[in-house]
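Here is a set of short exercises for getting to know a protein you have not met before. Try each task yourself, then read through the steps.

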Amino acid sequence: FNDDEGRVDPGLHDDINDCKSCESGSVSNFVRSICQPCVPGQQESSGTCAFCSEGKYSPKAGDFCVDCSRGHVSTVGQSACTACETGTQEIAGKCEACGAGRYSKDPGRYTLVDEAGDKLIDGCEPCARGKFTSNESTTTCNTCVQPRTTITDGATSCDACIASYYLADSMDGSNDESFSGDSDIECTPDVDKLNPQHACCTCPDPGAKCEDPVGTTVKTIQVRKGYYRHDIKSPEVLMCPEGSEMNPCLQTSAQNGSSYCTEGYDGPLCSSCA
């Protein structure tokens, strides 16, 4: 294949056997005169340079595309992968926000699940008990202001009270109609102005215990032996009468008010006939 002056075009050959294959990772130029490596972010595929797909990368010219490492992602045609930011996690090649009640403080965190969908590795950590976050994509959790705490790990609000306190049925601690406002009970309203919770109140002393491991509520106040309360809606605890063999109080611990009375009696201090 000569031109009009008898010169040979460097991209043309008299014999097909003169053509050579390009090395792996390279393709020939337009006139097939030389081989050139595919640029970073691409790889050789069927004689052409193709972009690396999402989730893959090729760092150097002539390299093949490889998967991003765990906790890293890429878009199409990239020469490097990017670590998922703090407050996020990599799931199946995407950076997903940590949900409310969870956080990640380091970049490059990832979650791995098995075929059944169960988590093998969790990229976002739950807030420890006593801490919370109501926002997504957070790097840390807020600490509850005592006497507030949380019922479990991974909380989105301070939804319980520490031992020796109970969670009231109202924001300020003024409870149902059976609560007379005992001066021995001190209530602490929630400090969260945007999302206030019910108040925490001191356990009625000495007639009650507030030691529920998941946080005591008005309903779960434990009344000590020898004391009584109207019913499970009232935090007011009263002492049973003493010195009478006919005393209808059972002198036992329970939550339900009717459980304190001997058969045939009911009401405050078991003074009413059932």
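The exercises below go from the whole chain to strands, single residues, disulfides and the core.

Two notes on the ground rules first. This is a predicted model, where local features need pLDDT of at least 70 and side-chain atom pairs count only at pLDDT 80 or more, while totals for chains, interfaces and linings use all residues. Residues are numbered from 1 along each chain as its sequence is written, and side-chain values use heavy atoms, with hydrogens and water left out.

**Exercise 1. Sum up the protein chain.**

Step 1: Start with secondary structure. The chain has zero helices and 27 strands. (Helices are DSSP runs of H or I with at least four residues, strands are runs of E with at least two, and both are numbered from the N terminus.)

Step 2: Look at burial. Of the 274 residues, 33% count as buried. (Buried means under 20% relative accessible area, exposed over 50%, and partly exposed in between, with a 1.4 Å probe and protein chains only.)

Step 3: Check the contacts, meaning heavy atoms within 4.5 Å. Among those between residues at least 6 apart in sequence, 38% join residues at least 24 apart.

**Exercise 2. Work out how β3 and β4 are joined.**

Step 1: Find the strands. β3 covers residues 42-45 and β4 covers residues 48-51.

Step 2: Look at the bridges. Four of them join the two strands, which run antiparallel. (Two strands pair if DSSP finds at least two bridges between them.) Glutamine 43, for instance, has alanine 50 in β4 as its bridge partner.

Step 3: Inspect the turn. This hairpin has two residues between its strands, and serine 46 takes a positive phi near 55 degrees.

**Exercise 3. Which strands stand at the edges of the open sheet of β19, β21 and β20?**

Step 1: Write down the order. The three strands run β19-β21-β20, with antiparallel pairing.

Step 2: Find the edges. β19 (165-167) and β20 (187-188) each have a single partner strand, so one side of each has no neighbour in the sheet.

Step 3: Zoom in on one pair. Two bridges join β20 to β21 (residues 200-202), and threonine 188 sits opposite cysteine 200 in β21.

**Exercise 4. Are these loop residues buried or exposed: glycine 71, threonine 133 and proline 40?**

Step 1: Take glycine 71, in the loop between β6 (66-67) and β7 (72-73). Glycine 71 is buried, at a relative accessible area of 0%. Leaving out residues up to four places away in sequence, glycine 71 touches Thr82, Ala83, Cys84, Glu90, Gly108, Arg109 and Tyr110.

Step 2: Go on to threonine 133, in the loop between β15 (131-132) and β16 (142-143). Threonine 133 is buried too, with 2% relative accessibility. Its contacts beyond four places in sequence include Ala100, Cys127, Thr140 and Ala155.

Step 3: Finish with proline 40, in the loop between β2 (35-37) and β3. At 39% relative accessibility, proline 40 is partly exposed. Its C-alpha atom is 5.2 Å from that of serine 79, although the two are 39 residues apart along the chain.

**Exercise 5. Describe three of the disulfides.**

Step 1: Get the total. A disulfide is a pair of cysteine sulfur atoms within 2.5 Å, and the count by this rule is 11.

Step 2: Take cysteine 52 and cysteine 65, linked with an S to S distance of 2.0 Å. The link is left-handed, with -85 degrees about the S-S bond. Cysteine 52 lies in the loop between β4 and β5 (56-57) and cysteine 65 in the loop between β5 and β6, so the pair ties together parts 13 residues apart in sequence.

Step 3: Next come cysteine 144 and cysteine 158, with sulfur atoms 2.1 Å apart. Their S-S torsion is about -100 degrees, so this disulfide is left-handed.

Step 4: Compare with cysteine 203 and cysteine 210, whose sulfur atoms are 2.1 Å apart. Here the torsion is about 85 degrees, so the disulfide is right-handed. Cysteine 203 is buried at 13% relative accessibility, and cysteine 210 is buried at 3%.

**Exercise 6. How many residues does the largest nonpolar core have?**

Step 1: Use the rule. A nonpolar core is a set of buried Ala, Val, Leu, Ile, Met, Phe, Trp, Tyr and Cys residues joined through side-chain atoms within 4.5 Å.

Step 2: Read off the result. The largest one has 13 residues, and those with the most contacts inside it include Tyr166, Cys210 and Val237.

Step 3: Follow one member outwards. Beyond four places in sequence, the contacts of valine 237 include Pro204, Ala208, Val223 and Tyr228.
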